[in-house]
Amino acid sequence: MIKKNLLLLFLSVAFLASAQNIRHIETINDSWSFYKGKIEKPFDSNTKLEWEKVTIPHSWNTQDILDDKDGYYRGEGWYKKTMTIPQVYENQQVFLFFEAANQVTSLFVNGKPVGEDHIGGYTSFARDITSSLKEGKNEIIVRVDNAHNDEIVPQSADFSFYGGIYRDVHLIITKPIHFEVANLGANAIFIRTPEVSKNLAKVSIQSKLKRPKKGTYYVKQTLLDLDNNVVKVVKTKSKFSKDVFSNFSVDNPKLWSPDNPYLYRLITEIVDRKGIIFDRVENPLGLRWFSFDAKKGFFINGKQTKLLGTCRHQDFYGKANAVSDEVHRNDMKLLKEMGSNFLRIAHYPQDPAILEMCNKMGFVATLEIPFVDKAAANEKGKQNSINMLKEAIRFNYNNPAIVAWNLGNETTMKAPSKLGEEYTKHFIETHKALAKTIKEEDKTRSSYSVFFREPAYQDKLGIRLTELVGYNKYYGWYIEELEDIDKNLRSLVKRTLEINPDKPFILSEYGGGADPRIRSYNPTRFDFSVDYQFLLHKAYMKTILNMPEIVGANVWNYADFQVEHRKDAVPHINNKGLVSASREKKDAYYFYQAVLGKKPFVAIASKGWTKRSGIADNQGGSFTKQPITVVGNGKNVELFFNGNSQGKQTFDFSTATFNVPFKQGQNLVEVVSEKDGKKIKDFAIIDFTLQPKNLKSKINPFKEIAINVGSYCYFIEEDNVGYLWMPDKAYEKGGFGYVDGDYLRFKSKRRNNVGVDVSVKGTKNDPIFQTQVIGLKAYKFDVPKGTYELSLSLAELKSRGENVMDIFVNNKKVWENLNLKKEYGKDRGVTKRFLISVDDDNGITIDFKATKGKTRLSGIKLRKVN
Ligand code: GCB
Ligand code: CA
């Protein structure tokens, strides 16, 4: 009887164990109380503070990016939560696992600190909280601090270091005997594939256990294929305080590759003699081999594969870095659809969701630590960087997608020679230590580093130490012209391979900015138009695809991202994304999809530009012709405009341009193409405002116009129901335009460009104000008699000296002694509206007269009231 009961008990335990999957994991993201600021006495019940309820992922900087002010809060934030720990096992071990918190994290349970502070904002970590727990309610307090810290990278970078517990937090519960959790990298299983071929894959797995001294335990590895068939089972005995190594081989393995990302599932368990399971973890296993060759490129499973894709940051518009897994996974879906097979996870390790998708969808990936721009140049800083790299490698070890570990990005941005001898010493040592760490931690992948200066510069410093070196080059954007991209890239690759013929060349960044609100038919460098970005990427792609020596290339960047100190078209946003910060596709995205995508594809590249305008082609005319570019991977494409065929065109490098007659109101654009026997279509409805050429036209009477003065670009206001501004032009009789003066131009290397990069206060329409006509005499509209609303937008940006002007409308002084800087402050945009009547046939002339310095105008609107 007793025996039978025991047997029953044993059976039920065994059953429970397998049914429960052994290790209990749950997120504890909900219902945290949050306080922004320092707390002197966190555990004193007399401390009365106002806590706010928040949900993780959370950042305290989400508002900072949306407002006009410069800077964002960098300091302490406190999180607390009271919870009952579920009882899963007797003598259970309880861990808190943080996917990341930025950037120094201190954990307290029931008033006592647990473990050491975690250093670094981007790597995962776990803490064993078992001994601090009590029965019933437990109070968990987490202090996170994102203040600048001389000992932690990043020290400086072109992204913002938002604070908070911005990735998931998990509770992990195991039995007393378990695979290690709370260690550097929070991973206990290391899968290696020392040999893989078509016929055979050798697999070697290192498992780290926490177990009692006595007792016989085994590590059981079970390999399942995609259909859950058992491929291999291996049991290896564990010795106390030694890692377990399990070895097996797979005959005729199904290989992992970007084209066919086949994943096995490896289940690792701790079992005893009777087969009772104590712990269990699962990992994906992708069997592949790869190599880099400076001349021939990248090979995976023996197949030459050009690596083409993007870099990616982890943030999202209005959310800072507190982004859900769904957003991460959606990004990977969009990147796959775009046809990319390569991802540079920049500039730091990201959410585990990203690599999960890389493995599943077939991305080759590189991963890096945030050693950007400059070193944390001191002993502690070096050690922290090494630890960060170890955490990154160990945590992410089992992702078949990863082929290289990158130790840093543009680390010479702050020139060491300018930062002194002491700095340079630590700086060089850090490179050496990190390059060494990569090879110590992982012999199966390449070491990698990314620079932007001339190859010789890094060589001279002795920091070109890794097997792979990437270069970030912004030809056609920060430097040089669009027309010379091919020439410049070829020369760069040549110079690089001359110095080091064996090092494969990766173009680790290239790109240009594009504000989805800015459009142009005359795109110029640095105008932030979506249209210039399109041309830039087309030029790059042509060369990249033609040069086998460019082994891989990453667009900078997949999506627009938040940088507090940026003063581009949208302040605080780096606009180089192929999609916007809220993942709206730009034209260049569709171009890549046409060039790289595998599925039959056609798209009207500018279909996102739904509100357009133009000046009628002739006096009293009823239309104006404007180009529409179509992208696709078929042979040719036919375009129908308002139902009429505009003929067929053959794609040239995946693009075709049609000149179509827009009329006032809604215009329907339809395109039809064919690929692999499949018909493909796209369409767009474009709301068009046709401006009369002659403003006194009776057929198309003048109603309203807004001009982006001093710019070649259209501007579509995002926050104002798509209100549309047109590019500027010189005055012609019967029409409108400026009289005299010049477009304000960058005085820097950005020769071809207009406007200034200043973040304009008091407006979201920075591009209207950033572009101006300077020294203009007048602005004229040859409108008919009537009552009008005239609106002038002005700003004094990066100007020299004192500038004072008087403004007259039809000879009447409307604004006297206007000193913008003095009256409104630096960099502030001002808009004033005047009501005026035109009683004769001379239309409207606005005269600008400087009494000191120069006249200026940023934007002008005219609306007929009656
Ligand atoms: C770079 C940096 C990246 C910047 C980018 C840019 O070279 O690596 O962090 O965001 O340039 O847009 O200037
Ligand atoms: Ca302007």
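Which of the 13 residues around ligand 1 come nearest? They are Asp158, Glu410, Tyr478, Glu509 and Lys576. The model is predicted, and every value below is computed from it.

**Ligand 1**

Three side chains put a polar atom close to an oxygen atom of the ligand. The table lists them.

| Residue | Distance from a polar side-chain atom to an oxygen atom of ligand 1 |
|---|---|
| Asn574 | 2.8 Å |
| Asn409 | 2.9 Å |
| Trp556 | 3.1 Å |

How much of ligand 1 does the protein bury? Taken alone, the ligand exposes 320 Å². The protein buries 93% of that area.

**The second largest pocket**

This pocket has a volume of about 700 Å³. Its lining counts 27 residues. Nearest its centre lie Asp158, Glu410, Met413, Tyr478 and Arg566. Asp158, Glu410 and Tyr478 are also among the residues that come nearest ligand 1. By class, the lining has twelve charged residues, nine nonpolar and six polar.

**The largest pocket**

The largest pocket holds about 1300 Å³ of space. It is lined by 38 residues. Closest to its centre are Ile25, Glu282, Asn283, Pro284 and Phe395. The lining is made up of 18 nonpolar, twelve charged and eight polar residues.

Which elements supply at least two residues each of this lining? Three are strands: β11 (169-174), β19 (264-272) and β20 (277-285). Two are helices: α2 (325-337) and α3 (352-361). The largest share comes from α3, with six residues.

The lining also draws on two domains. Domain 1 (189-285) gives at least three residues, and so does domain 2 (303-512 + 548-560).

**Domains**

The assignment for the protein chain gives four entries. Domain 1 covers 189-285. Domain 2 is written in two segments, 303-512 and 548-560. Domain 3 spans 600-697, and domain 4 spans 702-866. How far apart are the centres of domain 1 and domain 3? Taken over C-alpha atoms, they are separated by 57 Å.

Methods
Residues are numbered from 1 along each chain as its sequence is written. Chains are lettered from A and ligands numbered from 1 in the order in which they are written. This is a predicted model: local features need pLDDT of at least 70, side-chain atom pairs count only at pLDDT 80 or more; totals for chains, interfaces and linings use all residues. Side-chain values use heavy atoms; hydrogens and water are left out. On a 1 Å grid over the protein atoms alone, a cavity is a set of points where a 1.4 Å probe fits but cannot get out, and a pocket is an open set with protein on both sides within 12 Å along at least five of seven lines; lining residues have an atom within 4 Å of a point. Grid points are joined across faces, edges and corners, and a volume is the space filled by probe spheres set on the points. Helices (H or I, at least four residues) and strands (E, at least two) are DSSP runs, numbered from the N terminus. Ala, Val, Leu, Ile, Met, Phe, Trp, Tyr, Cys and Pro count as nonpolar, Asp, Glu, Lys and Arg as charged, and the others, Gly among them, as polar. Domain bounds come from an automatic or database domain assignment. A residue is near a molecule or strand if one of its heavy atoms lies within 4 Å of it. A polar contact is a pair of N or O atoms within 3.5 Å; within protein, one must be able to donate a hydrogen and the other to accept it, and residues adjacent in sequence count only if both atoms are side-chain atoms. Accessible areas come from the Shrake-Rupley method with a 1.4 Å probe; for residues, only the protein chains shown count as cover.
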